[in-house]
Amino acid sequence: MTTEQPNIIDGVIIGGGISGLALAHWLGLHDQPGSWELWEATDRLGGTTGTDRECGYSVDRGPNGFLDREPLTLQLVDEIGLRPELEPANDKSNNRFIAKNGVLHPVPFSPPAMLRTGLLDFGEKLRIFAEPFIKARRDDSDESVFDFAARRIGKGAAETFVEPMVSGVYGGVARDLSLPACFPIMREMEVQYGGLVKAMVSKMREKRRKQKASGEKKRGGGPAGPGGHLTSFKTGLDVLTDRLAEQHQSIIHTNRAVARVAYHTDGYWTVTDATGREVRATNVIVACPTFVAAQFLESFDHELASAFADIPYAPIIVVATGHRREDIKHSLDGFGFLIPRTENIRTLGSIWTSSIFAERAPEGHVQFRSMLGGAGDPSVMELTDDQLWDSIRRELGPLVGITTDPVFTKIYRWERGIPQFTVGHRERRARIEQLAARYPGLHMVGNAYYGVGLNDCVKMAKRVAENIKIQA
Ligand SMILES: Cc1cc2nc3c(=O)[nH]c(=O)nc-3n(C[C@H](O)[C@H](O)[C@H](O)COP(=O)(O)OP(=O)(O)OC[C@H]3O[C@@H](n4cnc5c(N)ncnc54)[C@H](O)[C@@H]3O)c2cc1C
């Protein structure tokens, strides 16, 4: 009697956001699909990346760009033929603002501007200039972003600049987030150079030396500062995920939510969807949020599932509004503004989307993207759409001179939108990796481990693809 061998495919990628799609790309599945499948729970690819086009507005649902400092993202863009579609942020979006006492103040990017700014009092300014004299902490223990900033540049500057920046990028609370997990470069600046100013001066000298040696011309840092230039695609960011999805159509299965994953001692995985449909695979790649992985791994390995569940996520709401240009008094020459938590304003900040990228609003109109929620304000999810707009109008109206209701509104509620790298994140991540390493063929990729940005996802996907290829 012969027993039939079960059909075992090469792998299943769970999740069709940028992480799962980029992984498929780096594995080369567009031209050599082999026997891979990508399962996506919903009817559309892209995850939090997506763009809606309505009434002449182009509205990004989640991310609205990436910094052009990550060579792997640019390589990916090149490889899928999208380089000509790239759109760098408009130069005027170099101007960024912070709201204080009902006024928008330009972010002071130079020492003279710092001396002049109305954002800090004299003592707080002096404290910033004392940064090079603050002793470096070189041990590897964890520290919150706020504690680090307060220690190096003083509490006033930490509250005015760092707290709002952290809520803008992470939807997080600076007093809870881990500096080495969220901003490893800052930690390195202190450990390696002795402080932030010392590191900037050394790096600038190094750059100038290199430019001189190579004859290269000086290039501005752009709207994202020396860390890169904010970039998207003409018409919207979904151009990236749509192209990747198009190229991997043959392996993609939409409306297929993974319900259960288990490893069998015979050396293969079973991946089962909500209807009981099952495949057997050599590799399983978790490219969905960790709280989802916790659910589908629970009956297989409780310890691993709870390690995944230990990564917290913050809710975030994006309120995109369209206005007639004449209904807004402010010049809108800039990127937008952030609001320090000390201002007791619920809105985290507002981006002037149509000043940053072209074609985001019809002729004679402008688009704003205001953010609310974050780890510090989860109850915002209970507000109705009308209450959200009321709150924005009351809070932001006086800052930019909004005189009427918007002519267009689109609201995106991300209930568990952004993973939070809180103090202890590095240990939580190591625990997941350690428990997952007990199983051959199990890999993770996504925004919950090494960085929350699109660049981080693309970079991690490349690393994981290389590991899978080595093990094949
Ligand atoms: C409001 C907001 C603004 C942001 N702004 C920026 C920005 O400007 N720049 C930037 O770089 N980053 C930004 N980010 C972060 C960035 O968008 C994310 O980190 C990135 O898109 C995450 O991609 P991902 O593929 O890892 O996860 P996701 O995009 O969450 O994709 C995961 C996919 O898994 C699917 N899935 C879930 N459960 C299952 C299941 N059981 N079976 C199968 N599939 C499943 C989901 O449907 C989803 O498609 C922002 C995020 C948000 C929420």
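The ligand and its surroundings

Of the 36 residues around the ligand, those that come nearest are Ser19, Glu40, Gly65, Val452 and Leu454. The model is a predicted one, and the values below are computed from it.

Three polar contacts can be followed from the ligand to the protein. With serine 19 the partner is in the side chain, where an N or O atom is 2.7 Å from an oxygen atom of the ligand. With isoleucine 18 the partner is in the backbone, where an N or O atom lies 3.1 Å from an oxygen atom of the ligand. Alanine 41 also takes part through a backbone N or O atom, which lies 3.1 Å from a nitrogen atom of the ligand. On its own the ligand has 1000 Å² of accessible area, and the protein covers 87% of this.

Which elements give two or more residues to the shell around the ligand? They are helix H1 (18-26), strand S14 (313-324), strand S18 (408-419) and helix H16 (454-471). The most comes from S18, which gives 3 residues. By type, the residues of the shell around the ligand divide into 18 nonpolar, 16 polar and 2 charged.

The next stop is glutamate 87, which is placed in strand S6 (residues 86-88). Is glutamate 87 buried or exposed? Its relative accessible area is 11%, and buried means under 20%, so glutamate 87 is buried. The side chain of glutamate 87 has two partners to look for. One is the backbone nitrogen of alanine 358, which the side chain reaches at 2.8 Å. The other is the side chain of arginine 360, joined to that of glutamate 87 by a polar contact of 3.3 Å.

Lysine 100 is found in strand S7 (residues 96-100). With a relative accessible area of 16%, lysine 100 is buried. Leucine 399 is 299 residues apart from lysine 100 in sequence, yet the two are 9.7 Å apart in space, C-alpha to C-alpha.

The last stop is on the surface. Val197, Met200 and Val201 make a nonpolar surface patch of about 220 Å². Of these residues, valine 197 has its place in helix H9 (residues 196-214). Why does valine 197 count as partly exposed? Its relative accessibility is 32%, and partly exposed covers what lies between under 20% for buried and over 50% for exposed, so valine 197 counts as partly exposed.

How values were computed. Residues are numbered from 1 along each chain as its sequence is written. This is a predicted model: local features need pLDDT of at least 70, side-chain atom pairs count only at pLDDT 80 or more; totals for chains, interfaces and linings use all residues. Side-chain values use heavy atoms; hydrogens and water are left out. Patches are made of residues with over 30% relative accessible area and no salt bridge: like charges are joined within 9 Å, nonpolar side chains (Val, Leu, Ile, Met, Phe, Trp, Tyr) within 5 Å. Accessible areas come from the Shrake-Rupley method with a 1.4 Å probe; for residues, only the protein chains shown count as cover. A salt bridge is a side-chain nitrogen of Lys or Arg within 4 Å of a carboxyl oxygen of Asp or Glu. Helices (H or I, at least four residues) and strands (E, at least two) are DSSP runs, numbered from the N terminus. Buried means under 20% relative accessible area, exposed over 50%, partly exposed in between (1.4 Å probe, protein chains only). A residue is near a molecule or strand if one of its heavy atoms lies within 4 Å of it. A polar contact is a pair of N or O atoms within 3.5 Å; within protein, one must be able to donate a hydrogen and the other to accept it, and residues adjacent in sequence count only if both atoms are side-chain atoms. Ala, Val, Leu, Ile, Met, Phe, Trp, Tyr, Cys and Pro count as nonpolar, Asp, Glu, Lys and Arg as charged, and the others, Gly among them, as polar.
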